[in-house]
Amino acid sequence: MRRYGKNPDEDDVRVRPNSRGTRPRTTIRPKHEDAAEGMVLTVDRGRLTVLVEDREVTAMKARELGRKSAVVGDRVAVVGDLSGAKDTLARIVRVEERRSVLRRTADDDDPFERVVVANADQLAIVTALADPEPRPRMIDRCLVAAYDAGLDPLLVLTKSDLAPAQPLLETYGTLDLAYVVTNREDFLTGGVDQIRERLAGRVTAFVGHSGVGKTTLVNALVERQRTTGVVNAVTGRGRHTTTSALALPLPGDGPEGAAGWVIDTPGVRSFGLHHIDPSRVIHAFPDLEPGTEDCPRGCSHDEKDCALDAWVAGGHAEPARLDSLRRLLATRERREGD
């Protein structure tokens with residue numbers, strides 16, 4: 001056996017032939033111009049369900065996407081086996097530019113943003129009027145996120161058979177906020193047409209804390225059923241029965257075979273706004289925003305020289321709205337959960 005010295009000549013070194021040839025590796029990636037277009041319906045542990053034409057295809061993210069992830073609502077380019085048959089797998093090779101992105105953080109001191117849904121144009125904020133009690137601060141937070149993402153907010157009040165809706169609606173009367181009120185009988189008799197009209201032709205993300213009847217409402221709107229739960233009689237909180245976001249088509253004819261899309265999201269107990277600049281929070285309060293014109297530069301809207309006090313005192317907005325704004329800002333400063 002021949003042994004080599006410390007500095008062998010190149011001619012002395014034996015090189016094993018490459019069975020795959022000697023073509024150098026390239027960084028040029030294929031453009032996948034023949035990829036099919038699809039919409040992400042749900043994401044589950046690295047596997048994505050994508051609607052391609054009229055088929056639900058299981059896919060995974062291609063390596064060339066790197067750390068870029070796809071979320072529910074994303075428009076994606078897909079290659080591979082697109083038959084939708086059992087045990088087949090396609091690849092997502094491109095995520096198209098998003099029209100809108102709804103984000104949240106776990107709490108106000110969590111720097112990690114979570115993209116809830118992409119390409120929605122409406123946010124339905126589902127709140128029960130009783131069992132559990134409504135949480136106006138939660139509604140305010142969702143409104144902030146909706147305005148920041150460029151989504152139209154829709155307030156959906158459930159369980160009106162247990163408590164009247166008017167007191168809560170009066171709190172948001174100056175916002176000109178679209179709303180619908182439902183009760184248990186509407187779900188049992190299929191009387192949810194007023195909500196369906198608000199969703200027609202739109203992609204609507206449903207958010208709300210557990211137990212408000214969000215998934216029950218979604219089940220009444222679509223043909224596909226999801227598991228529902230009950231409210232804990234001791235804590236007054238609901239149980240998480242929806243564990244992942246899911247896009248569901250509304251029955252009917254539309255440009256893509258559906259009259260609209262509903263995106264059911266997991267129930268949340270807090271809606272962190274760490275990703276939103278506090279100076280933009282005022283945009284979620286259009287009834288108060290004109291009153292900031294006389295505020296000192298850099299006003300936090302919670303100081304003695306703030307012009308909002310005079311604005312409210314002049315009858316231009318409800319005191320409860322200013323209180324809600326300041327509590328929201330103070331919550332971020334104190335790093336408290338919702």
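This briefing describes the overall make-up of a protein model and then looks at selected residues, salt bridges and the largest pocket. The model is predicted, and the protein in it has seven helices and 13 strands. Of its 338 residues, 45% count as buried. Among the contacts in the protein with a separation of 6 or more, 63% are accounted for by residues 24 or more positions apart. The accessible surface comes to about 19,400 Å², and carbon and sulfur atoms hold 46% of that area.

**Aspartate 121 and its surroundings**

- Aspartate 121 is placed in the loop that runs between strand E7, residues 114–118, and strand E8, residues 122–128.
- With a relative accessibility of 23%, aspartate 121 counts as partly exposed, because the buried class is kept for values under 20%.
- When its neighbours within four places in sequence are left aside, aspartate 121 is in contact with Arg99, Leu151, Asp152, Arg202 and Val203.
- Aspartate 121 and alanine 205 are 84 residues apart along the chain, while their C-alpha atoms are separated by 8.2 Å.

**Salt bridges**

- The structure holds 15 salt bridges, and a few of them are described in the points below.
- One salt bridge is formed where the side chains of arginine 91 and glutamate 64 meet, with a distance of 4.0 Å from N to O. This pair links distant parts of the chain, since arginine 91 belongs to strand E5 (residues 90–95) and glutamate 64 to the loop between strand E3 (55–61) and strand E4 (75–80), 27 residues apart.
- Both partners of that bridge can be placed by their accessibility: arginine 91 has a relative accessible area of 35% and is partly exposed, and glutamate 64, at 30%, counts as partly exposed too.
- Another salt bridge brings together the side chains of glutamate 96 and arginine 94, at 3.2 Å from N to O. Glutamate 96 is partly exposed, with a relative accessible area of 30%, and arginine 94 is likewise partly exposed at 30%.
- The side chains of arginine 326 and aspartate 309 also meet in a salt bridge, with 3.0 Å between N and O. Arginine 326 lies in helix H7 (residues 319–334) and aspartate 309 lies in helix H6 (residues 308–313), so this pair ties together parts that are 17 residues apart in sequence.
- In this last pair, arginine 326 counts as buried because its relative accessibility is 17%, which falls under the 20% limit, whereas aspartate 309, at 34%, counts as partly exposed.
- Glu53, Asp54 and Arg55 are joined into one network by salt bridges that share partners.

**The largest pocket**

- The largest pocket has a volume of about 600 Å³. It is lined by 23 residues, and those closest to its centre are Ala70, Val71, Arg114, Val115 and Val116.
- Strand E7 provides the largest share of the lining of this pocket, namely three residues.
- Sorted by class, the lining of the largest pocket consists of 13 nonpolar, six polar and four charged residues.

**Backbone features in the loops**

- A cis peptide bond, with omega about 5°, joins aspartate 131 and proline 132.
- Proline 132 has its place in the loop between E8 and helix H1 (136–149), and aspartate 131 lies in the loop between E8 and H1 as well.
- Aspartate 131 also has a positive phi of about 55°, although it is not a glycine. Its relative accessibility is 41%, and it therefore counts as partly exposed, because a residue must be over 50% to be called exposed.
- Arginine 45 has a positive phi too, of about 50°, and it is not a glycine either.
- Arginine 45 is found in the loop between strand E1 (36–44) and strand E2 (47–52), and at 78% relative accessibility it counts as exposed, because that value is over 50%.

Technical notes: Residues are numbered from 1 along each chain as its sequence is written. This is a predicted model: local features need pLDDT of at least 70, side-chain atom pairs count only at pLDDT 80 or more; totals for chains, interfaces and linings use all residues. Side-chain values use heavy atoms; hydrogens and water are left out. Helices (H or I, at least four residues) and strands (E, at least two) are DSSP runs, numbered from the N terminus. Buried means under 20% relative accessible area, exposed over 50%, partly exposed in between (1.4 Å probe, protein chains only). Contact means heavy atoms within 4.5 Å. On a 1 Å grid over the protein atoms alone, a cavity is a set of points where a 1.4 Å probe fits but cannot get out, and a pocket is an open set with protein on both sides within 12 Å along at least five of seven lines; lining residues have an atom within 4 Å of a point. Grid points are joined across faces, edges and corners, and a volume is the space filled by probe spheres set on the points. Ala, Val, Leu, Ile, Met, Phe, Trp, Tyr, Cys and Pro count as nonpolar, Asp, Glu, Lys and Arg as charged, and the others, Gly among them, as polar. Accessible areas come from the Shrake-Rupley method with a 1.4 Å probe; for residues, only the protein chains shown count as cover.
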